[in-house]
Amino acid sequence: MVSDPIADMLTRIRNATRGYKESVDVPASKFKEQLAKLLVKEGYIASVERMRPEGQQFDVLRLGLKYGERREQVIKHIERVSRPGRRAYLSADRLPRVRNGMGLAVVSTSKGLLPDREARKEGVGGEVICVLW
């Protein structure tokens, strides 16, 4: 049993990109699927597919990882900000600017998961899930 499934997902992505894997499987949930789709939309991972492997009882998300022209990692750093023991809620004006706008902070808002720049533009704050660049 994993006590923080989101941190587990981010760690699997981090480990797979460092090992130059083509894809990584993550136990599926609606929240993780939304997070993966946001990462696809922002260009950090290539694809996300929900599937049930043969002989398995539960769905998994197969995340297609993305690399540059010379196999350089697109995701150089990924870390969990809000943890089960210490939640991080910020208002729209206090949301972090990751790497001066070159990175991404994922924020869980009342309007769903949003990148930090969209949350700032819409004037909504929320829980900062993770940051990456």
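Which residue follows helix 2, and is its phi positive or negative? The tour below, through a predicted model, reaches that residue at its last stop.

**The sheet.** Begin by selecting the three strands, which form an open sheet in the order 1-3-2 with antiparallel pairing. Its edges are strand 1, residues 23-27, and strand 2, residues 45-51, each of which pairs on one side only. Viewed from one strand to the next, the twist averages 20°.

**Strands 2 and 3.** Next, select strand 2 together with strand 3, residues 60-65; six bridges join this antiparallel pair. To inspect one position along the pairing, display Glu49 and its bridge partner in strand 3, Arg62.

**Helix 1.** Now add residues 5-18. This is helix 1, which lies across strand 1 and strand 3 and runs at about 165° to strand 1.

**Helix 2.** Proceed to residues 30-41, helix 2, which packs on the sheet and touches strand 1, strand 2 and strand 3. The direction of helix 2 makes about 155° with that of strand 2. A distance between the end C-alpha atoms of helix 2 gives 16 Å, in agreement with the 16 Å that twelve residues should span at 1.5 Å a residue. Then show the side chains of Lys32, Glu33, Leu35, Ala36, Leu38 and Leu39, the buried residues of this helix. When examining their spacing, recall that an α-helix has 3.6 residues a turn, so residues three or four places apart point the same way.

**After helix 2.** Finally, select Gly43, the residue sought at the outset: Gly43 follows helix 2, and its phi is positive, near 90°.

Methods
Residues numbered from 1 in each chain as written. Predicted model: local features only at pLDDT ≥ 70, side-chain atom pairs only at ≥ 80, totals over all residues. Heavy atoms only, no water. Pairing = 2+ DSSP bridges. Helix = DSSP H or I, 4+ residues; strand = E, 2+ residues; numbered from the N terminus. Axes fitted to C-alpha atoms, helices over the stretch in contact; angles between N-to-C directions. Contact = heavy atoms within 4.5 Å. Expected span 1.5 Å × (residues − 1). Buried < 20%, exposed > 50% of the residue type's maximum accessible area, 1.4 Å probe, protein only.
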